[in-house]
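Student: Could you help me learn how to read a protein structure, one feature at a time? I would like the general idea and then the case in front of us.

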Amino acid sequence: MIELKNVTKIYDPGGKEVRAIQNLSLQIQSGQFVSIMGPSGSGKSTLLHLIGALDRLTSGEIFIQNQELHKLNDNELSLFRRRHVGFIFQSFNLLPTLTALENVTLPLLLDGKSLSSIIPKAEALLEKVRLNTRKNHRPDELSGGEMQRVAICRALVHDPTLILADEPTGNLDSKTGGEILQLLQTLQKDQRCTVVMVTHDERAARYGDRIIQLRDGQLEV
Ligand SMILES: Nc1ncnc2c1ncn2[C@@H]1O[C@H](COP(=O)(O)OP(=O)(O)OP(=O)(O)O)[C@@H](O)[C@H]1O
Ligand SMILES: [Mg+2]
């Protein structure tokens, strides 16, 4: 379970000071697929970054499983990310010089796992998303939907308990986007992970078990 208690994020405190998240409290059950919607600038990406330990909160508390994120130092936060979180971005963020397979293996390589143990796992995931014939292609040899499927494999390869997706279908046409969302939903059920997804698209949001609306850094009720 994920629990946020009175979380506030202020960028540049004392300077230009933007209150991106204001005193927000929220619980997300394990295994839930939660969609976050809200206008541009309402704090969606910030919230996702706080939950994924990509950024530090200004005040408040975040509990994820048995960890208290607000108490971890930078090294512990980065370990938490590497072990528990998979990120999926709108622009895929694949490394252009690596093949699909190499991109998928990267998180495990960075975690010090041996190549021989990683490759079968990465190959199995690529097969699951029907990309086994594309594993030696580089990103510029793949379609948008294919690149996002590779990115999903990369996000899942270390068996994260939490998948965070920031507009994962934002650069895809609606049919391909629908396929990606269905895939995400299937993988979430298979791997029993929690998914938190930011989206502007009402139809995409409905793939979630629950939709949260943000406005000015607060939950809209
Ligand atoms: N690094 C930063 N430094 C200062 N202000 C920031 C920073 N990142 C975001 N902000 C501000 O925080 C607020 C929330 O930004 P955030 O990126 O979370 O919005 P969002 O809901 O994801 O918007 P969008 O839908 O456009 O992606 C915005 O007003 C933004 O200008
Ligand atoms: Mg955003």
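Tutor: Happily! Keep in mind that this is a predicted model. Let us begin with one pair of residues facing each other across two strands: in β5, the bridge partner of Phe-63 is Glu-68.

Student: What holds such strands side by side?

Tutor: In general, the strands of a sheet pair through backbone hydrogen bonds, and the pairing may be parallel or antiparallel. Here, β4 (residues 59-64) and β5 pair in the antiparallel sense, over two bridges. They belong to an open sheet of four strands in the order β2-β1-β4-β5, with antiparallel pairing. Its edge strands are β2 and β5 (67-68), each of which pairs on one side only.

Student: Which strands pair in the parallel sense with β3?

Tutor: There are two to look at. β3 (residues 33-37) runs parallel to β9 (residues 210-215), and four bridges join them; Met-37 has Gln-213 of β9 as its bridge partner. β3 also runs parallel to β8, again with four bridges, and there Ser-35 is matched with Met-197.

Student: And how many bridges join β7 to β8?

Tutor: Five bridges join β7 (residues 162-166) to β8, and the two run parallel. One partner pair is Leu-164 and Val-196 of β8. The chain goes from β7 through α6 to β8, and this β-α-β crossover is right-handed.

Student: Where do the side chains of β8 point?

Tutor: The general idea is that side chains in a regular strand alternate between the two faces of the sheet. In β8, Thr-194, Val-196 and Val-198 point one way, while Val-195 and Met-197 point the other way. All of these are buried, and β8 (residues 194-198) is mostly covered, with five of its five residues buried.

Student: How should I read a helix in a similar way?

Tutor: An α-helix has 3.6 residues a turn, so residues three or four places apart point the same way. Now try α3 (residues 100-110): its buried residues include Ala-100, Asn-103, Val-104, Pro-107 and Leu-108. Leu-101 and Thr-105 are buried as well. The buried residues of α3 pack against α2 (74-84), α4 and α5.

Student: Is Glu-179 buried, exposed or partly exposed, and why?

Tutor: Count its neighbours. Glu-179 has 17 other C-beta atoms within 10 Å, so it is partly exposed; 20 or more would make a residue buried, and 12 or fewer exposed. Glu-179 lies in helix α6 (residues 174-191). For the protein as a whole, buried residues make up 41% of the 221 residues.

Student: Which residues have a positive phi?

Tutor: First the general idea: most residues other than glycine have a negative phi. Asp-12 is not a glycine, yet it has a positive phi of about 55°. You will find Asp-12 in the loop between β1 (2-11) and β2, and it is exposed because only 8 other C-beta atoms lie within 10 Å. Arg-130 is another non-glycine case, with a positive phi of about 60°. Arg-130 sits in the loop between α4 (115-128) and α5 (144-156), and its 12 C-beta neighbours inside 10 Å make it count as exposed.

Student: What about Asp-216 in the hairpin?

Tutor: That hairpin is formed by β9 and β10, with two residues between the strands, and Asp-216 takes a positive phi near 50°. β9 and β10 (residues 218-219) run antiparallel and are joined by two bridges, with Leu-214 opposite Leu-219 in β10. A glycine can be added to the list: Gly-112, just after α3, takes a positive phi of about 85°.

Student: Which residues surround ligand 1?

Tutor: The shell includes Tyr-11, Asp-12, Val-18, Ala-20 and Gly-38, as well as Ser-40, Lys-44 and Thr-46. By class, the shell has three nonpolar, seven polar and two charged residues. β2 (18-28) and α1 (44-51) each supply at least two of its residues, and α1 gives the largest share, three residues.

Student: Finally, how do I read the overall form?

Tutor: Compare the radius of gyration with a simple rule. A compact globule of 221 residues would have a radius of gyration near 17 Å, and the protein has 17 Å, so the two agree. The protein has seven helices and 10 strands.

Terms used
Residues are numbered from 1 along each chain as its sequence is written. Chains are lettered from A and ligands numbered from 1 in the order in which they are written. This is a predicted model: local features need pLDDT of at least 70, side-chain atom pairs count only at pLDDT 80 or more; totals for chains, interfaces and linings use all residues. A residue is near a molecule or strand if its C-beta atom, placed from the backbone, lies within 6 Å of it. Ala, Val, Leu, Ile, Met, Phe, Trp, Tyr, Cys and Pro count as nonpolar, Asp, Glu, Lys and Arg as charged, and the others, Gly among them, as polar. Two strands pair if DSSP finds at least two bridges between them. The radius of gyration is taken over C-alpha atoms; the globule rule is 2.2 Å times the number of residues to the power 0.38. Two residues are in contact if their C-beta atoms, placed from the backbone, lie within 7 Å. A crossover is right-handed if, with the strands pointing away from the viewer, the path from the first strand over the helix to the second runs clockwise.
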